[in-house]
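Work through the exercises below with the sequence and the structure in view. Try each task before reading its solution.

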Amino acid sequence: MEGYKTRDYGQPVKRYVQTMELKDNPELIKKYKEAHSEEKAWREILDGIREVGILEMEIYIAGPRLVMICDTALDFNWDEAMARLATLPRQQEWEEYVAAFQQCDAQATSDQKWQMMERMFRLY
């Protein structure tokens, strides 16, 4: 494994890490991965993520477990950004679409689905 290069923003950034469980069904997991591919990801969703101030977002998967990492500017306010994200074009439609794959309430917003993780160790 080579690891994953992160972008250099030339300034300090802060990181948010969240987790979520998918339905433990290999076919649904495959379709969820396809929905997030470069070819099939909804452009309005990607634009909205950037519009609220997320500089970089990555999602990792192991079985049905997802881990999402978001890097933002130091002055980023998560709660304000997620409230705004929920109002952007096609966001609610996207949340309803991906809810079919996720272990969550079908009407939940992105911020309600993903559980914020606490950093318990760091080595620098």
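**Exercise 1.** The model is predicted. Identify the elements that the buried residues of H2 pack against, and work out which side of H2 those residues occupy.

Solution.
- Step 1. Helix H2 spans residues 43-51, and its buried residues are Ile45, Gly48 and Ile49.
- Step 2. Around the axis these residues cover an arc of only 100 degrees, which means that they sit on the same side of H2.
- Step 3. A general rule helps here: an α-helix has 3.6 residues a turn, so residues three or four places apart point the same way.
- Step 4. The packing partners of the buried residues of H2 are strand S2 (54-62), helix H3 (78-85) and helix H4 (91-99).
- Step 5. Just after H2 comes Gly53, with a positive phi of about 110 degrees.

**Exercise 2.** Find which parts of the chain are tied together by the salt bridge between Asp71 and Arg15, then treat the pair Glu21 and Arg65 in the same manner.

Solution.
- Step 1. In the salt bridge of Asp71 with Arg15, the closest N and O atoms are 2.8 Å apart.
- Step 2. Asp71 belongs to strand S3 (residues 65-73) and Arg15 to strand S1 (residues 13-21), so this pair ties together parts that are 56 residues apart in sequence.
- Step 3. Is Asp71 buried or exposed? Buried means under 20% relative accessible area; Asp71 has 6% and is therefore buried.
- Step 4. Glu21 and Arg65 also meet through their side chains in a salt bridge, at 2.5 Å from N to O.
- Step 5. Glu21 is in strand S1 and Arg65 in strand S3, so the pair links distant parts of the chain, 44 residues apart.
- Step 6. Glu21 has 23% relative accessibility and counts as partly exposed; Arg65, at 43%, is partly exposed as well.

**Exercise 3.** The structure holds six salt bridges. Determine which residues are joined with Arg90 and Glu93 into one network.

Solution.
- Step 1. A salt bridge connects the side chains of Arg90 and Glu93 (3.1 Å, N to O).
- Step 2. Arg90 is partly exposed at 32% relative accessibility, and Glu93 is partly exposed at 41%.
- Step 3. Through salt bridges that share partners, Glu44, Arg90 and Glu93 form one network.

**Exercise 4.** Name the residues that make the nonpolar surface patch of about 470 Å², and classify Met120 as buried or exposed.

Solution.
- Step 1. The patch is made by Met120, Phe121 and Leu123.
- Step 2. Met120 is found in the segment after strand S4 (115-116).
- Step 3. Exposed means over 50% relative accessible area; Met120 has 79% relative accessibility, so Met120 counts as exposed.

Notes: Residues are numbered from 1 along each chain as its sequence is written. This is a predicted model: local features need pLDDT of at least 70, side-chain atom pairs count only at pLDDT 80 or more; totals for chains, interfaces and linings use all residues. Side-chain values use heavy atoms; hydrogens and water are left out. Buried means under 20% relative accessible area, exposed over 50%, partly exposed in between (1.4 Å probe, protein chains only). Helices (H or I, at least four residues) and strands (E, at least two) are DSSP runs, numbered from the N terminus. The arc is that of the directions from the helix axis to the C-beta atoms. Contact means heavy atoms within 4.5 Å. Patches are made of residues with over 30% relative accessible area and no salt bridge: like charges are joined within 9 Å, nonpolar side chains (Val, Leu, Ile, Met, Phe, Trp, Tyr) within 5 Å. Accessible areas come from the Shrake-Rupley method with a 1.4 Å probe; for residues, only the protein chains shown count as cover. A salt bridge is a side-chain nitrogen of Lys or Arg within 4 Å of a carboxyl oxygen of Asp or Glu.
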